[in-house]
Amino acid sequence: QTIYVNMASSSTSDEPLPLSELKRWMSDDTYLWIKEGDEKEELLKKELEENAAMNASNLFGEADSDDDKDDDERRRVQEWSSSTTSPDGIGGFQQQQQQQTRKSSDDDVKLIFILSESYHGFGDTLWSSARHVANTISNPAKCRELLFLGDDDNNNNHPLRGKSFLEVGAGAGVPSWAAMKCGAHVVCTDLSDTNRIRCMAECAERNYQQINNDDDTLFTNASRTRVCPHDWGSSVDNVVKALNNNNTDDNERRLFDIIIAADCCYLPWYHSELLDSIYSLLTDVGGVAIVAFALHDNTDDKDVWKIVDTAKEKGFFVEVLESQQLSPPTTAMESKQGLVHTVRLTKTTTI
């Protein structure tokens, strides 16, 4: 028997927020694109409802009843917290019944995430790599070590404060929302799927509502968060515009200090495009990209590890860091799917 670890309280509304409330987190073009996607999705739902009687799974009783599902698994809006004692953090995965459910402390980073209904790119699962990255960057000391971030003159500030932070292939975007809560200027991206980007925008809104506006800098940086679609290897203009508030002046535009790709390596034939996007968007001096992944046996493990050589061919300085064992997303998965490997990429050998 398993327990799904989810901290979402009954006071957290599970209903999707209106698209109009999410508009500030995206460009006008992205908003109109998602609006069109919502309209198509609504038409499809109506069509499915009208044809429900002809659905074979309903007819033969093969589909799971909502009554048979655990309340936590059924929830759309979920919560995760960092932890100094558990590499998994708290929430977002199934654990064995005998495992002790941990509690978060006041110093932990607490956030909301939503798993998209879209299965494309397997972004409908909170993978171990995302939890590992989020947990690491939430800890100031570990964050400095991972990302080569020096001590701040004000030791009360998290090292991510004011840094430009990009997540590619984000899925639920848990590392992005952790960075947002720590004061980074975040752009969260995933493939061009309207439901996926909509869910990310809703995560931005829900997490923003939790930020204490007594901290002006943190509140301002969080308000600059943006979400947008980005297919690896395609033009990065919309991502750069999202960071620079649509400023198109090449002399003034910023690139990203930090780029995260969590569990984006399982399809080796996309490695080149993924690395092209990272190289185009990472700042030349001081920029650090983290590629974290587990091995899922969908292809030869050696082919997944070829991302190291491909990154070197692209001009990156590459370091393979120590692996970390986490719990896989579900108890049905093998432990190797929770063993997170981390590759650190920079454009120079010194930061």
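The following exercises, each with a worked solution, concern burial, charge pairs, cysteines and backbone angles in a predicted model.

Residues are numbered from 1 along each chain as its sequence is written. In this predicted model, local features need pLDDT of at least 70 and side-chain atom pairs count only at pLDDT 80 or more, while totals for chains, interfaces and linings use all residues, and side-chain values use heavy atoms, with hydrogens and water left out.

**Exercise 1. Determine how many residues of helix H4 are buried.**

Step 1. Set the terms. Buried denotes under 20% relative accessible area, exposed over 50%, and partly exposed the range in between (1.4 Å probe, protein chains only). Helices (H or I, at least four residues) and strands (E, at least two) are DSSP runs, numbered from the N terminus.

Step 2. Inspect the helix. H4 covers residues 128–138. Its buried residues include Ser128, Arg131, His132, Asn135 and Ser138.

Step 3. Conclude. In helix H4, 11 of the 11 residues are buried, so this helix is largely enclosed by the rest of the structure.

**Exercise 2. Identify which elements the salt bridge of Arg198 and Asp38 ties together.**

Step 1. Apply the criterion: a side-chain nitrogen of Lys or Arg within 4 Å of a carboxyl oxygen of Asp or Glu. The search of the whole structure yields 15 salt bridges.

Step 2. Examine the pair. Between Arg198 and Asp38, the N to O distance is 2.9 Å.

Step 3. Locate the partners. Arg198 belongs to helix H7 (residues 194–209) and Asp38 to helix H1, so the bridge links parts 160 residues apart in sequence. Arg198 is buried, at 12% relative accessible area.

**Exercise 3. State where Glu202 and Arg76 lie and how far apart they are in sequence.**

Step 1. Confirm the contact. Glu202 and Arg76 form a salt bridge whose closest N and O atoms are 2.5 Å apart.

Step 2. Place the residues. Glu202 is in helix H7, whereas Arg76 is in the loop between helix H3 (71–74) and strand E2 (77–81), so the pair connects parts 126 residues apart in sequence. Both Glu202 and Arg76 are buried.

Step 3. Take a contrasting pair. Lys306 and Asp303 meet in a salt bridge at 3.1 Å, N to O. Lys306 is partly exposed at 45% relative accessibility, and Asp303 is partly exposed at 25%.

Step 4. Trace the shared partners. Arg76, Glu202 and Arg206 are joined into one network by salt bridges.

**Exercise 4. Establish how many disulfides the structure holds, and account for Cys203.**

Step 1. Apply the cut-off: a disulfide is a pair of cysteine sulfur atoms within 2.5 Å. The structure holds zero disulfides.

Step 2. Check Cys182. Its nearest cysteine sulfur, that of Cys143, is 7.1 Å away. Cys182 is buried, at 6% relative accessibility.

Step 3. Check Cys203. The closest cysteine sulfur, in Cys199, is 6.8 Å from that of Cys203, which is too far for a bond. Cys203 is likewise buried, at 0% relative accessibility.

**Exercise 5. Locate Phe148 and Asp297, two residues with positive phi.**

Step 1. Recall the background. Most residues other than glycine have a negative phi.

Step 2. Treat Phe148. Its phi is near 60°, and Phe148 sits in the loop between helix H5 (140–147) and strand E5 (164–168). Phe148 is partly exposed, at 34% relative accessible area.

Step 3. Treat Asp297. Its phi is about 65°, and Asp297 occupies the loop between strand E9 (288–293) and helix H11 (301–305). Asp297 is partly exposed, at 46% relative accessibility.
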